[in-house]
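Q: Could you take a close look at one part of this model with me, and then walk outward from there to the rest of the fold?

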Amino acid sequence: MNPVFAALDTTDLDCARGLAAAVAPHVGGLKLGLEFFLAQGLANTAAVAGATPLFLDLKLHDIPNTVAGGVRAIAGLKPEFLTIHTAGGSAMMRAAVDAAAEAAAQTGHRIKLLGVTVLTSLDDGDLDAVGQRGPAADQVRRLALLARASGLDGVICSPMEVAALRADLGADFQLVVPGIRPAGAALGDQKRVMGPRDAIAAGASRLVIGRPITEAPDPAAAARAIAAELAA
Ligand SMILES: O=C(O)c1cc(=O)[nH]c(=O)n1[C@@H]1O[C@H](COP(=O)(O)O)[C@@H](O)[C@H]1O
């Protein structure tokens, strides 16, 4: 199984279609999120994903009733994964789990819910500034345990926390990992990063990779090179 989801972070439909066509043969799935979904909506999200597994990254974070409504609203898209924020608390996560179960009874498709823990663009100093107890690794562990207890299928975490979470949470819990930077790739706004091979070796289930693929001169070649590195 190719563990890479390519993040197509654009508002432009033609750009997303072009990237999807180029990289889909070389990745395990496509991630469409905030930018694309807000600009293009449900129908175009479905159109761009086509038959490729979809990771719908909406990072839902609201009161339980509203998040449950959000899950129901996108259920027809049948994404493999949907993100919600663990910081929304246990009741919110349980409401999302219940809504996903109700939707599965109707659509026959079970959406896997992933809890965002501490964004990979934040470091210990950033956490302090918003009044959260660091270090980041401790906060990630606290939120991941809460996510599992609330019935989520897995969490999003940085590569720096994967090994410890894998040891704590067992083999079946999905650890989906952005903040991936192949050797020489620009960091951009990411702060807690690792290379693709090291992240998988540490225990990541899936990798989310955006700009190192989409901003490469040849996105298909970049995706193919990452797949080859992981298969070697
Ligand atoms: O939920 C996510 O996918 C996510 C969580 C997180 O903590 N950090 C993070 O970077 N992401 C997403 O992963 C992708 C990373 O993109 P690149 O930094 O371009 O590789 C983006 O689409 C982010 O929205």
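Which residues in H3 meet which residues in H4?

A: Happy to. Please keep in mind that this is a predicted model. On the H3 side, the residues are Pro64, Asn65, Val67, Ala68, Val71 and Arg72. On the H4 side, they meet Ala91, Met92, Ala95, Ala96, Asp98, Ala99, Ala100 and Ala103. By class, the residues of this contact of H3 with H4 divide into 11 nonpolar, 1 polar and 2 charged.

Now for the geometry of that pair. Two packed helices are described by the angle between their axes and the distance between the axes. H3 covers residues 64-74, and its axis lies 8 Å from the axis of H4, with a packing angle of about 30°. Angles under 35 degrees count as roughly parallel, and that makes H3 roughly parallel to H4. The crossing in which H3 passes H4 is right-handed.

Let's zoom in on one of the H4 residues in that contact, alanine 100. Helix H4 spans residues 90-107, and alanine 100 lies in it. A residue is buried if 20 or more other C-beta atoms lie within 10 Å of its own; alanine 100 has 24 within that distance and is therefore buried. Leaving aside neighbours within four places in sequence, alanine 100 is in contact with Val71, Arg110, Ile111 and Leu113. Val71 also appears among the H3 residues that meet H4. Alanine 68 is another H3 residue in that contact, and its C-alpha atom is separated from that of alanine 100 by 8.0 Å, although the two are 32 residues apart along the chain.

What about the next residue to look at in H4, alanine 101? Alanine 101 also has its place in helix H4. Its count is 13 C-beta neighbours inside 10 Å, so alanine 101 is classed as partly exposed. For a longer-range view, the C-alpha atoms of alanine 101 and leucine 145 are separated by 21 Å, with their positions 44 residues apart along the chain. Leucine 145 sits in helix H6, residues 136-149. With 15 C-beta neighbours inside 10 Å, leucine 145 is likewise counted as partly exposed. From leucine 145 to valine 177 is 16 Å, C-alpha to C-alpha, for a separation of 32 residues in sequence.

From H3 we can also step across to strand S3, where leucine 56 lies. Leucine 56 counts as buried, because 23 C-beta neighbours fall inside 10 Å. Not counting residues up to four places away in sequence, leucine 56 touches Leu32, Ile74, Leu77, Pro79, Phe81 and Leu82. Leucine 56 and arginine 206 are 150 residues apart in sequence, yet 14 Å apart in space, C-alpha to C-alpha.

That brings us to the ligand. There are 19 residues around the ligand, and Ala7, Thr120, Pro178, Gly210 and Arg211 come nearest. The elements that give two or more residues to this shell are strand S3 (54-60), strand S8 (206-209) and helix H9 (211-214). The shell around the ligand divides into 8 nonpolar, 7 polar and 4 charged residues.

Finally, it is worth setting the H3 and H4 pair beside the packing of H1. Helix H1 (residues 13-23) and helix H2 (residues 34-49) have their axes 10 Å apart and pack at an angle of about 45°, and they are therefore oblique to each other. Their crossing is right-handed. Leu13, Ala16, Arg17 and Ala20 of H1 meet Phe36, Gln40, Asn44 and Val48 of H2. The residues of that contact divide into 5 nonpolar, 2 polar and 1 charged.

H1 has a further partner in helix H10, residues 219-231; the axes of H1 and H10 come within 8 Å and cross at roughly 40°. That makes H1 oblique to H10, and H1 passes H10 in a right-handed crossing. Leu19, Ala22 and Val23 of H1 make the contact with Pro219, Ala220 and Ala223 of H10. By class, this contact of H1 with H10 has 6 nonpolar residues, no polar and no charged ones.

Methods:
Residues numbered from 1 in each chain as written. Predicted model: local features only at pLDDT ≥ 70, side-chain atom pairs only at ≥ 80, totals over all residues. Axes fitted to C-alpha atoms, helices over the stretch in contact; angles between N-to-C directions. Helix = DSSP H or I, 4+ residues; strand = E, 2+ residues; numbered from the N terminus. Parallel < 35°, antiparallel > 145°, perpendicular 65-115°, else oblique. Left-handed = near helix turned anticlockwise from the far one by under 90°. Contact = placed C-beta atoms within 7 Å. Nonpolar A, V, L, I, M, F, W, Y, C, P; charged D, E, K, R; others polar. Near = placed C-beta within 6 Å. Buried ≥ 20, exposed ≤ 12 C-beta atoms within 10 Å, placed from the backbone.
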